[in-house]
Amino acid sequence: MLRDITLGQYYPGDSPIHRLDPRAKIILTFLFIILVFLVPSLWFYIPIALYLVLAISLSKLPLRMMLRSLKPMRILLIITFVLNLFFGTGSRELLRLGPIVIWQEGLLQALVFSFRLVFLVTGSSILTLTTAPVTLTDGLERLASPLKIIKFPAHEMAMMMTIALRFIPTLIEEADKIMKAQTARGADFETGNLLARARAMIPLLVPLFISAFRRAGDLAMAMEARCYRGGEGRTRLHKLQYTRRDLIAFLSMALMYAIILLPRFIF
Amino acid sequence: MPIVLEQVSHHYRSGPQTTIALDNINMTIKDGELLALIGHTGSGKSTLAQHLNGLLEPSSGRVLLDGEDINQKGASRRALRFKVGLVFQYPEHQLFEETVYKDIAFGPKNMGLKDEEIDLRVKNAMAQVGLVFDEIQGRSPFELSGGQMRRVALAGVLAMQPRVLVLDEPTAGLDPSARDFLLGDIQRLNRAGTTVVLISHAMDDVARLATRVAVLEKGRLVMEGTPVDIFTQQEKLSSMGLDIPENFKLAAELRKAGLNLDKHYQTQELADALAEAIKGGGGDAA
């Protein structure tokens, strides 16, 4: 029943983008987001679009995966476009429909904002589509580790995220099992009004919580039995290492910044 | 009311590939029998069990109860589930109520029974699994021992008074005395007329309790017969990664050593025959 839920967005592959260091990918994604906000006018979206297309084709992600990540955004996109279109003001009138005036500046504004949203979502979903969740938390941990100086528990946070991710499929399986067991006793999860349905969840949620706590207890015990003491002095099996590929990625991003920013200083 | 499986297949998809969990199963579960389903992990035993009360629907084929297709349109799945009780692996993980009484009453309540009837059924079910009503009924199921929790969970299914009881590995993780107790309950229920389908890895229990054994491998029904029929084919079973009961092993070893004990397999019979052989044939057996 619950098996169909897909978890996270990771799309396994072995492309140059998949193989980038997770830290590099996280930093590059942030740089890309800032870049999108720095765009001065509509024309400058062309190089950004080309850059994205290049990244997507390198990542060998199927196009429908990218489109799927945009799907939940469609209502927000429409609202953004419409609001900017009708409420922008300017000097050149394009169209007049009774009291509503559409200005050229309004149209441009609407396009800029819509493209910005599309590029933000697409750009950041490349990160989540090409990076396994555990690798991602690994990268986050390393990036956040300088913050340990101000007592930020970077390792503990990453460990918690990793464990949470690890146990989501287990808990889904468990929920499926309990649901079936209660259904076998005549429980009904599918009919009735909202209140009846909420009440019907009790026979599912109570055992699920109990088992989650039991698993957490067992896991804590198993980790202690293997002498886990937190991040202090801990070495890693898979050391993160920047390679030439990461350097090229950073250079390409620098080039994009040059394209977007230089005209401001020249003109 | 036998349960008949007609060419039942079940496929499920995980990602791009399709897994065949059950492959063209034809079998009949007869009234009053104690059928043991055995097979290696992943052979499809649990999937088969979930087809018996409509929790899973066959991809093709039919499951008939009293001659009616249980998955046909208009058939009440819920009514079916009260007729065919299914006890999952580690059933104590499904306990959720504040008291033992309420938890056992969950099934009968879902059946829409009157309070007096529910009360009667809870008391009955607890007696059937050997729980003392006055002592246990008001306690939280979570403060009981593992064996007691298992019995409460079993009582929760028995309180629906199903005519067929399907048990998926009912003794897994229990200590020997709790296990013997539970198996005794199951045998008593079967003798009182409940049809039982028992999924088990414990071959000694199967040999002792089952009236018939069905062997699954990779989703196919490969062997079917009495415990003696099945467990005397040691080589075939071990090729599927299955063990045979200890007494069958002993009998086979003795036969290999030249001591023919005819058809004695149950522990007591085997012991008697062995004693007889040693006493009688003294010189040449030794």
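**Exercise 1. Find how many residues of chain B are in contact with chain A, and which elements of chain B contribute.**

Start with the count: 19 residues of chain B are in contact with 15 residues of chain A (contact means that C-beta atoms, placed from the backbone, lie within 7 Å). Before going on, note that this is a predicted model, where local features need pLDDT of at least 70, side-chain atom pairs count only at pLDDT 80 or more, and totals for chains, interfaces and linings use all residues. Residues are numbered from 1 along each chain as its sequence is written, while chains are lettered from A and ligands numbered from 1 in the order in which they are written.

Next, look for the elements. Two or more residues each come from α2 (77-83), α3 (100-110) and α6 (146-158) of chain B (helices are DSSP runs of H or I with at least four residues, strands runs of E with at least two, numbered from the N terminus).

Finally, sort by class. This side of chain B has 10 nonpolar, seven polar and two charged residues (Ala, Val, Leu, Ile, Met, Phe, Trp, Tyr, Cys and Pro count as nonpolar, Asp, Glu, Lys and Arg as charged, and the others, Gly among them, as polar).

**Exercise 2. Describe how α3(B) and α6(B) pack.**

First take the geometry: the axes are 7 Å apart, at an angle of about 35 degrees (axes are lines fitted to C-alpha atoms, for helices over the stretch in contact, and angles run from 0 to 180 degrees between N-to-C directions). Then the hand: α3(B) passes α6(B) in a right-handed crossing (the near helix is turned clockwise from the far one by less than a right angle; anticlockwise would be left-handed).

Now pick out the residues. α3(B) supplies B:Val100, B:Asp103, B:Ile104, B:Phe106 and B:Gly107, and α6(B) supplies B:Val152, B:Ala155, B:Gly156 and B:Val157. By class, six are nonpolar, two polar and one charged.

**Exercise 3. Do the equivalent for α7(A) and α9(A).**

Helix α7 (residues 154-184) and helix α9 (residues 202-225) of chain A have axes that come within 9 Å and cross at roughly 140 degrees. The two are therefore oblique to each other (under 35 degrees is roughly parallel, over 145 roughly antiparallel, 65 to 115 roughly perpendicular, and the rest oblique). Their crossing is right-handed. Among the contact residues are A:Phe167 and A:Leu171 of α7(A), with A:Pro203 and A:Leu204 of α9(A). The class tally is 10 nonpolar, two polar and two charged.

**Exercise 4. Give the span of chain B along its principal axes.**

Read it from the C-alpha trace: about 70 × 50 × 35 Å.

Technical notes. Two residues are in contact if their C-beta atoms, placed from the backbone, lie within 7 Å.
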